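Trainee: I'd like to learn how to read a fold by walking through one example. Could you take me through it, feature by feature?

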Amino acid sequence: MANELPESLSEGAETISPYNDDEKFQLSEVDSFMVLDELCRIDPKKSTGPDKLPAKFVKFSAPFLYEPLTHIINLSMKTGTIPKTMKLAKRVTPLFKNKGSRKICGSYRPISILPIFSKILEKIVNLQLKSYLANNCLISLDQYGFQEGKGTTQALLQFTQKAFNAMHNSETILGIFIDFQKAFDTINHKILFRKMERNFHFSNSALTWFKSYLSDRSQYVSCEEHSSSTLPITCGVPQGSTLGPTLF
């Protein structure tokens, strides 16, 4: 959604007339049985996050947790706020990206673990958001990244087909390839919110929720028995989140 024009180029973009209120994206109240289903889908082998709640414990406690958690989720969407404890990320052992020197820190991708209840909240919101985007054809058919049923294979096949067609018609072929380093960290919140409002027609209440979701986030590093102090996250979308790929 956000990874398009730089802010300096998008400032002069024509404002798209907003939809009627009924046609805008709004967060809808969730049914308690949907929350129960998401709790039951938890992988019990998932690592424990900053909330120190083991995934196995939460999964087995689902019959006792789903009703109060449903109340919290609906209250969050109604008020447009997210508890600060749900916005803390725990960073653990970095993974090698399979490129570059192992002696360079930039060759590693840190793994972020989020509070387990925040992941349930994100999944609920992400389902509603992806349904809205699909029903209103707001994502380009040429977008292959982070789309269900699509991947690099389809993108290469499309490019190859267009190249063969151009060669057959004696046309010139030009390809531009751009690689984003630390892509999820490059998202400018101001541009993202403006696109939500103007291009994707988010309601004020939904926009307020996403602003709360991306603001006042923090993270810390954990290694064995030791943990660092927390530091704020001022840009990008949360690593390891469910909503992150959709927002990107």
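Mentor: Let's start with what packs over helix α8, keeping in mind that this is a predicted model. The cover over the buried residues of α8 includes α4 (62-79), α5 (116-135), α7 (189-198), β3 and α9 (243-247).

Trainee: Which residues of helix α8 are the buried ones?

Mentor: Within α8, which spans residues 204-214, they are A206, L207, W209, F210, S212, Y213 and L214.

Trainee: S212 is on that list. Why does S212 count as buried?

Mentor: The cut-off is under 20% relative accessible area. S212 counts as buried because its relative accessibility is 12%.

Trainee: And what is S212 in contact with, leaving aside its neighbours within four places in sequence?

Mentor: With G80, T81, I82 and K87. Hold on to I82 and K87, since both turn up again in the lining of the largest cavity.

Trainee: How do I read a cavity, then?

Mentor: Rolling a probe the size of a water molecule over the atoms shows where empty space is left. Here, searching the whole structure turns up one cavity of 30 Å³ or more. The largest cavity holds about 40 Å³ of space.

Trainee: Which residues line the largest cavity?

Mentor: I82, M86, K87, S118, L121, E122, W209, Y213 and R217. Two elements, α5 and α8, each give two or more residues to that lining. The largest share is from α5, with three residues. W209 and Y213 also belong to the buried set of α8.

Trainee: What's the chemical mix of that lining?

Mentor: It splits into five nonpolar residues, one polar and three charged.

Trainee: Now, what happens just after α8?

Mentor: D216 takes a positive phi there, about 55°. Further along comes strand β3, residues 217-223.

Trainee: How should I think about side chains in a strand?

Mentor: In a regular strand the side chains alternate between the two faces of the sheet. As for partners, β3 runs antiparallel to β5 (residues 231-233), and three bridges join them. In that pairing, S218 sits opposite P232.

Trainee: How many bridges link β3 and β4?

Mentor: Two, again in the antiparallel sense, with β4 covering residues 226-227. There C223 stands opposite H226.

Trainee: And what lies between the strands of that hairpin?

Mentor: Two residues separate β3 and β4, and E224 takes a positive phi near 55° in this hairpin.

Key
Residues are numbered from 1 along each chain as its sequence is written. This is a predicted model: local features need pLDDT of at least 70, side-chain atom pairs count only at pLDDT 80 or more; totals for chains, interfaces and linings use all residues. Side-chain values use heavy atoms; hydrogens and water are left out. Two strands pair if DSSP finds at least two bridges between them. Helices (H or I, at least four residues) and strands (E, at least two) are DSSP runs, numbered from the N terminus. Buried means under 20% relative accessible area, exposed over 50%, partly exposed in between (1.4 Å probe, protein chains only). Contact means heavy atoms within 4.5 Å. On a 1 Å grid over the protein atoms alone, a cavity is a set of points where a 1.4 Å probe fits but cannot get out, and a pocket is an open set with protein on both sides within 12 Å along at least five of seven lines; lining residues have an atom within 4 Å of a point. Grid points are joined across faces, edges and corners, and a volume is the space filled by probe spheres set on the points. Ala, Val, Leu, Ile, Met, Phe, Trp, Tyr, Cys and Pro count as nonpolar, Asp, Glu, Lys and Arg as charged, and the others, Gly among them, as polar.
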